[in-house]
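Hi,

Here is the structure I promised to pass on. Have a look at it first, and my notes follow right below.

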Amino acid sequence: MNDDAAISFYTAHFGFTLLTDQSPAFADVARGNLRLLLSGPKSSAARAMPDGRRPEPGGWNRIHFVVDDIGAEVERLRGAGLTFRNEIISGPGGKQILVDDPSGNPIELFQPR
């Protein structure tokens, strides 16, 4: 993760506030009661686990943002150059789409029915 890119991504596009910036090792940002830790390759969180596993971005665990108008949010974020994993899909609970942060971690935008 590039701390500067991640800080900018979350503060500029999703309304987070920067709390701490110890780049390139660590930063944290907050949005309401949510505190997001942005750990770079020089942070203690980048160390391998005892079984050898190393942290890596991606996967399917994600932050979930409820939005009022998913179409408008997607248009706003695409206009800012953000990359989406898919198109908006509809399900029994509402509509959703996944956008990647600068490290490739997914964020779900969700508009309930």
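Strands β4 (residues 63–66) and β7 (residues 106–112) run parallel to each other, paired over four bridges. One of the residues involved is V66, whose bridge partner in β7 is F110. Keep in mind that this is a predicted model. The side chains of β4 alternate nicely: I63 and F65 point to one face and are buried, whereas H64 and V66 point to the other face and are not.

F65 turns up again elsewhere. R31 lies over the face of its ring, 4.2 Å from the ring centre, and F65 also belongs to one aromatic cluster with F9, Y10, F14 and F16. There are five aromatic pairs in the structure. Y10 and F16 make an edge-to-face pair, because their ring centres are 5.4 Å apart and the planes sit at 80°. Both Y10 and F16 are buried.

On to helix α1 (residues 3–14). Its twelve residues should span 16 Å at 1.5 Å a residue, and the end C-alpha atoms are indeed 16 Å apart, so the two agree. The buried residues in α1 include F9, Y10 and F14. Just after the helix, G15 takes a positive phi of about 75°.

F9 is also touched by D100, which is in strand β6 (residues 94–100). Other contacts of D100 include T83, N105 and P106, and its side chain makes a polar contact with the side chain of R85 at 2.7 Å.

One last arginine for you: R78 lies over the face of F84, at 4.8 Å from the ring centre.

Cheers

Terms used:
Residues numbered from 1 in each chain as written. Predicted model: local features only at pLDDT ≥ 70, side-chain atom pairs only at ≥ 80, totals over all residues. Heavy atoms only, no water. Helix = DSSP H or I, 4+ residues; strand = E, 2+ residues; numbered from the N terminus. Polar contact = N/O pair within 3.5 Å; in protein donor to acceptor, adjacent residues only side chain to side chain. Contact = heavy atoms within 4.5 Å. Expected span 1.5 Å × (residues − 1). Buried < 20%, exposed > 50% of the residue type's maximum accessible area, 1.4 Å probe, protein only. Pairing = 2+ DSSP bridges. Phe/Tyr/Trp six-rings, centres within 6.5 Å; stacked < 30°, edge-to-face > 60°. Lys NZ or Arg CZ within 6 Å of the ring centre and 35° of its normal. Lists of a residue's contacts leave out its neighbours within four places in sequence.
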